[in-house]
Every structure is written in C-alpha cells, then in structure tokens.
Amino acid sequence: MKLKTQSLKELYEKDFYLWVLENLKLLKNKEFEFVDWENLLDEIEDMVRRHYESMISYMAVIMEHLYKWEKFRENEYVGDHWKKSINTARMQIADLFDDNPSLRGVAQEKESLSKAWKRAVRRLIVWFDEDENKDLAKKYFGRPPTEEDFSKDYPYTFEQVMEYKPWREEIRESTETSQP
C-alpha cells in the first residue's frame, strides 16, 4: 500500500496526466487508501484559485478600461479598443459565471472588487509609462503616476463592472442636446 502511494507521488512529478488518470481510477474504484491525497488536494485548491484569479483579472481589465474611458479619453476617436476589451472581458466573465455560478457572489464581495481595482491601478500605471502615453501622464498628473494618484477605494460597483457602458451615456447626451 505504501509503495503504491509513494509511486503515485513520484508519478506526480514525472507524468502529471498519468497521475491524474491513476488517481481518478483509484477514486472510482473506491481505493481511497492509495490516492495521493496531498497532491490531489493541492491540485483542487489550485483549480479554485485559477478560477478566482481569472475572475479578478477580467474585472481588472473592465475597471481599467472603464476608468480610461471616463478619465483619459482625449477625443471621440479614442477608446474603441477599450470598449471591445470591456465587452470581451464581460463575455469571458459571464462564461465563467455560467460554469461556476458561485463565483458571481464572490465577485460581488468587497475583497474581490478591491483586489480587481488594485490590479487595474497597476495596469494604469504601466499604461502611463508606455512611450505613447507619457504626454498624457504629464497632462493629468504632471509626472508618471503612482498608486497614490488613484483612489484606494474601487470606483465601480459589481453591477457597473458587468453592465455600465459610458459610451451609451455619451450617445444619449449628444442626441438630447441636438434635439430642439
């Protein structure tokens, strides 16, 4: 018994795919004493973490591009790629929620929104550091921005992350002002 468990632990390092198949077979056969529980539990935790990290990453992209649209859009010709990025990230996160409905509740938690905003801020700082955006950094901050230049509190609710489309507001406003 101990030999079989030990060889499974070695297999984990040498051939992950086969390790999964062998553990799956043991579980199906209810041979629980031979399962490589230590590595199996690590892998399950890693699966959960990957889904969570994907969700946070999508939310960070959405927050970053919403923020750019609202704060740093220089003219009407700028930002189409931000809209596309927001829409793509929203589709991806919706797919993630379809497959993992409990993640929707986790996404609405303050901790998740805060973590996503923190990543968005880091992405914004890197964006301003790119050569083509250095003039924008000077215009808006007088220098390359740091984390202190952005709010610590996340500026968007979960509902806004999932649904807010500031470009539609602009269309509505321009239509209302052009009517007599």
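Reader: What radius of gyration does the protein chain have, set against a compact globule of 180 residues?

Author: In this predicted model, the protein chain has 23 Å, whereas a compact globule of 180 residues would have a value near 16 Å. The radius is taken over C-alpha atoms, and the globule rule is 2.2 Å times the number of residues to the power 0.38. The C-alpha atoms fill a box of roughly 80 × 40 × 25 Å along the principal axes.

Reader: Why is Ser-112 called buried?

Author: Buried means under 20% relative accessible area, exposed over 50%, and partly exposed in between (1.4 Å probe, protein chains only). Ser-112 has 1%, so Ser-112 counts as buried. Of the 180 residues of the protein chain, 33% are in the buried class.

Reader: Which residues does Ser-112 touch?

Author: Leaving out residues up to four places away in sequence, Ser-112 touches Tyr-52, Met-55, Ile-56, Met-59, Val-106 and Ala-107. A contact means heavy atoms within 4.5 Å.

Reader: Where is Ser-112 found?

Author: Ser-112 is in helix H6, residues 110-129. Helices (H or I, at least four residues) and strands (E, at least two) are DSSP runs, numbered from the N terminus. The protein chain has nine helices and zero strands.

Reader: How are residues numbered, and what limits apply to the model?

Author: Numbering starts from 1 along each chain as its sequence is written, and side-chain values use heavy atoms, without hydrogens and water. Local features need pLDDT of at least 70 and side-chain atom pairs count only at pLDDT 80 or more, while totals for chains, interfaces and linings use all residues.
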